[in-house]
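This briefing introduces a structure to a reader who has not met it before. Please view the sequence and the model first, and then follow the points below, which are grouped by topic.

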Amino acid sequence: MRSSGNSLVIERTRFEIDESTSSLCAWIFENPNVGLRRSLFWWVEVQGRPAMHEGRSLTPRVEFEWFRFPVKDWRDLAGQEHESSPDDTSGPASLCLDEHEPAEDHSLTIGRRDGASFEIGWELIVYSREWFSRGDGCNIHVRVRAKLPFRGVFVDVCEPNEQSLRQAESIAARFVDVAQLEPARLVRNRFGVTRILMPSRLG
């Protein structure tokens, strides 16, 4: 089988990307307990396939959660960029080997769109204790070149069920262009948790 050209490179070790579990998506979320009003956030996750490093099989994942772009139509993600800064209120980008290790610095570029997929360029500097088998901590360079699908918009409601799908669609219409999304449906994530998703129309 030919490689897609997608890769996740940590220092000099290259990992193929599992395209079935890597994606871009959006979340409409609120948390009254901490005073967070309902808002639109973006999320990118890149899952690497296992590869050998220093005699160990590692399966890395790189993710960036709860960041914002001034975009209502997901097709306009092309050309958006995010760079870490001291005053950034987003959750940190992170590398996960055995544990999440937050990036000291990162730069994410969402490039050209092809249907419902986007070219991604991403570079991170991560202080890692998990990368070296001897357990020493050190800054490592992580590079991602990938073409990722836009999965859709997740809408957070108190009780995600068939009766709350219309409510979710009404909430979504306040934040995104729902004409570019399929009707809301129930899905389960890899942990078995039920969520409400409005998939992209081109997906």
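In this predicted model, the backbone oxygen of Phe150 lies 3.3 Å from a polar atom of the Ser200 side chain. Ser200 belongs to the segment that follows β14 (194-199). The points below begin with this residue and proceed to the largest pocket, the salt bridges and several individual positions.

**Ser200 and its surroundings**

- Ser200 has a relative accessible area of 4%; because the limit for a buried residue is under 20%, Ser200 is classed as buried.
- When neighbours within four places in sequence are left aside, the contacts of Ser200 include Phe150, Arg151 and Gly152.
- Ser200 is also in contact with Gln180, Leu181 and Glu182, as well as with Trp74 and Ala116.

**The largest pocket**

- The volume of the largest pocket is about 610 Å³.
- Its lining consists of 23 residues, and those nearest the centre of the pocket are Glu45, Arg151, Phe154, Asn189 and Arg190.
- By character, the lining residues comprise nine charged, seven polar and seven nonpolar ones.
- At least two lining residues come from each of the strands β3 (23-31), β4 (36-47), β7 (61-67), β12 (138-155) and β13 (185-188).
- Arg151 appears in two of these descriptions: it is among the residues nearest the centre of the largest pocket, and it is in contact with Ser200.

**Salt bridges**

- In total, the structure contains 10 salt bridges.
- One of them joins the side chains of Arg49 and Asp18, with an N to O distance of 3.6 Å. This pair connects distant parts of the chain, 31 residues apart: Arg49 is in the loop between β4 and β5 (51-53), and Asp18 is in the loop between β2 (13-16) and β3.
- The two partners fall into separate accessibility classes: Arg49 is partly exposed, at a relative accessible area of 41%, whereas Asp18, at 15%, counts as buried.
- Another salt bridge is formed by Glu63 and Arg61, whose closest N and O atoms are 3.1 Å apart. Both of these residues are buried.
- Glu63 and Arg61 also belong, together with Glu45, to a network of salt bridges. Glu45 is one of the residues nearest the centre of the largest pocket.
- Glu119 and Arg112 form a further salt bridge through their side chains, at 3.0 Å from N to O. Glu119 is partly exposed, with a relative accessible area of 33%.

**Glu11**

- Glu11 is placed in the loop between β1 (7-10) and β2, and its relative accessible area of 33% makes it partly exposed.
- Although 131 residues separate Glu11 from Val142 along the chain, their C-alpha atoms are 6.4 Å apart.
- Beyond its neighbours within four places in sequence, Glu11 is in contact with Trp131, Ile140, His141 and Arg143.
- With His141 there is also a polar contact, in which the side chain of Glu11 reaches the backbone nitrogen at 2.6 Å.
- The phi angle of Glu11 is near 55 degrees, a positive value in a residue other than glycine.

**Trp66**

- Trp66 likewise has a positive phi in a residue other than glycine, here near 60 degrees.
- Trp66 is located in strand β7, a strand that supplies at least two residues to the lining of the largest pocket.
- The relative accessibility of Trp66 is 28%; since partly exposed residues lie between the limits of 20% and 50%, Trp66 is placed in that class.

**Asp73**

- Asp73 is found in the loop between β7 and β8 (81-83), and at 10% relative accessibility it counts as buried.
- In sequence, Asp73 and Val176 are 103 residues apart, while in space the separation from C-alpha to C-alpha is 6.0 Å.
- Residues up to four places away in sequence not being counted, Asp73 touches Asp177 and Gln180. Gln180 is in contact with Ser200 as well.
- The side chains of Asp73 and Arg75 make a polar contact at 2.6 Å.

Terms used. Residues are numbered from 1 along each chain as its sequence is written. This is a predicted model: local features need pLDDT of at least 70, side-chain atom pairs count only at pLDDT 80 or more; totals for chains, interfaces and linings use all residues. Side-chain values use heavy atoms; hydrogens and water are left out. On a 1 Å grid over the protein atoms alone, a cavity is a set of points where a 1.4 Å probe fits but cannot get out, and a pocket is an open set with protein on both sides within 12 Å along at least five of seven lines; lining residues have an atom within 4 Å of a point. Grid points are joined across faces, edges and corners, and a volume is the space filled by probe spheres set on the points. Helices (H or I, at least four residues) and strands (E, at least two) are DSSP runs, numbered from the N terminus. Ala, Val, Leu, Ile, Met, Phe, Trp, Tyr, Cys and Pro count as nonpolar, Asp, Glu, Lys and Arg as charged, and the others, Gly among them, as polar. A salt bridge is a side-chain nitrogen of Lys or Arg within 4 Å of a carboxyl oxygen of Asp or Glu. Buried means under 20% relative accessible area, exposed over 50%, partly exposed in between (1.4 Å probe, protein chains only). Contact means heavy atoms within 4.5 Å. A polar contact is a pair of N or O atoms within 3.5 Å; within protein, one must be able to donate a hydrogen and the other to accept it, and residues adjacent in sequence count only if both atoms are side-chain atoms.
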